[in-house]
Amino acid sequence: MNKIVSRNILLSVLLILLLFLVILAKGRTAFGKRESSFAIEQQKAITRIEFSEGGKKLVLEKQGEGWTLNGRHEARKSGINFILRVLTEIQIKSPLTQELFRSEIKQNNIIPLKVRIFDKNQLLRSFLVYKTGTNKYGNVMKRRESSKPFIVYIPGFEGDIGSAFTLNELFWLPYTVFKLLPSEISAIRLENVSDPSSSFSITNKRNIYTLSDMNGPLTGWDTAQVKRYLSYFAWIPFESWAVDLPDPEKKKIESGLPVFRITAIMTNGDETTLTLWERTIGNSNSKDSDRLWAKTEEKDDLFIMRYFDIDPLLKKKGYFFAQ
């Protein structure tokens, strides 16, 4: 009887051990789940994303149907969609040996960006991102300092996902130059640098409009055309920041002669001046017929605008007269 009991106990222990190993195996990956699990499960709701590096911190948080940047600004929708895709679809492309990690990361003094993802107050995941140009995905990631390093990517996407992990507020702000209703506009000035005689200004005082050129107020213009022109300021976007442009090249562009300056003065006294410069294609002197360099006082960097987006504002004073 004792032998039978002992055998049953032994079999029970072996079955429990086998069951434990099966459960453990299901939760493991080739590199160990705790070491290599970066993506957030699709069924989880991401409501807050924190980036921190040194003493700096950036917070993206869901508010209603939209997202905010550091609790003060509207976050760019396309930027949010991209980071959410990254956080839910990232997979390991390849591991990185400790020797390569030392030579590519440590010896280059690359400081990691810490990422924390929340569903309300619940921490879903945290990991470290080492942004690097040694691979086309722009990153090396670790779950924690002592973890194994990996290059992470999104299947089917061959771009730099490391760019999405940034403390630069400009990256997260809407790519918008003007977002003004006509009732918010007190005055507009357009300076055509290459053709000063085509320059004009519009003032709006309680829906009484004045159109002027460099010689003073003009007559005979069409009020409907002025109103239509002001309506174009409701949304003027730009394409992207010129973040990869070297500083000497930026200074060269900004010191050059622009082609247009557009100033919008708001009824609350705020003022925005958009300055536009011609671009060349690559290292050639060929004019880029599709895009311009641009800058405003509020932004501390150059950005790229398409003619398609800015063309509605690039009128000559003749536009306002009956054809």
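**Strand pairing, aromatic contacts and buried faces in a predicted model**

Strand β7 pairs with strand β8 (residues 139–142) through four bridges, and the two run antiparallel. Within this pairing, V129 stands opposite M141 of β8. Here, strands count as paired if DSSP finds at least two bridges between them. The elements themselves are DSSP runs, with helices (H or I) of at least four residues and strands (E) of at least two, numbered from the N terminus.

The structure is a predicted model, in which local features need pLDDT of at least 70 and side-chain atom pairs count only at pLDDT 80 or more, while totals for chains, interfaces and linings use all residues. Residues are numbered from 1 along each chain as its sequence is written, and side-chain values use heavy atoms, with hydrogens and water left out. The protein averages a pLDDT (the predictor's confidence in each residue, from 0 to 100) of 89, and 88% of the residues score at least 70. Residues 22–29 are a stretch where pLDDT stays under 50, and the model has three contacts (heavy atoms within 4.5 Å) for them beyond four places in sequence. Where pLDDT is low, the predicted coordinates should not be read in detail.

On its other pairing, β7 (residues 122–131) runs antiparallel to strand β6 (residues 113–119), joined to it by seven bridges. I117 has R125 of β7 as its bridge partner. The two strands form a hairpin with two residues between them, and K120 in the turn has a positive phi of about 60 degrees. L128 is a useful residue to look at in this region, as L128 lies in β7. L128 is buried (under 20% relative accessible area; exposed is over 50%, partly exposed in between, with a 1.4 Å probe and protein chains only), with a relative accessible area of 9%. Beyond four places in sequence, L128 touches P112, L113, K114, V140, M141, K142, R143, R144 and E145. The C-alpha atoms of L128 and R143 are separated by 6.0 Å, although the two residues are 15 apart along the chain.

Helix α4 (residues 98–106) comes next, with F101, E104 and I105 as its buried residues. These lie on the same side of α4, because they cover an arc of only 90 degrees around the axis, the arc being that of the directions from the helix axis to the C-beta atoms. Among the elements that cover these buried residues are β7 and β8.

Aromatic rings also deserve a look. Rings of Phe, Tyr and Trp (its six-membered ring) pair if their centres lie within 6.5 Å, with planes under 30 degrees apart counted as stacked, over 60 as edge-to-face and the rest as tilted. By this rule there are 21 aromatic pairs. One of them is the edge-to-face pair of F38 and F150, at 6.3 Å centre to centre with 75 degrees between the planes. This pair links distant parts of the chain, 112 residues apart, with F38 in the loop between α2 (33–36) and β1 (48–53) and F150 in strand β9 (residues 150–153). Both F38 and F150 are buried. One aromatic cluster is formed by F38, F51, F127, F150, F165, F171 and W172.

Two rings carry a charge over them, as judged by NZ of Lys or CZ of Arg lying within 6 Å of the ring centre and within 35 degrees of the ring normal. The charged end of R76 sits 3.9 Å from the ring centre of Y175, and K93 lies over the face of Y153 at 4.7 Å from the ring centre.

Further along the chain, nine strands form an open sheet in the order β14-β13-β12-β11-β17-β18-β19-β20-β16, with antiparallel pairing. Its edge strands, each pairing on one side only, are β14 (216–217) and β16 (240–241). Two bridges join β16 to the antiparallel strand β20 (residues 303–306), where F303 is the bridge partner of W241.

Strand β17 (residues 260–266) is mostly covered, with six of its seven residues buried. Seven bridges join β17 to the antiparallel strand β11 (residues 185–192), including the one between E191 and R261. Strand β18 (residues 271–280) is joined to β17 by six bridges and is also antiparallel to β17; I262 stands opposite L274 of β18. The hairpin of β17 and β18 has four residues between the strands, and G269 there takes a positive phi near 100 degrees.

Finally, R206 has a positive phi of about 55 degrees although it is not a glycine, and N207, also not a glycine, has one of about 65 degrees. R206 is placed in the loop between β12 (200–205) and β13 (208–213), and N207 lies in the loop between β12 and β13. R206 counts as exposed at 85% relative accessibility, and N207 is exposed with a relative accessible area of 58%.
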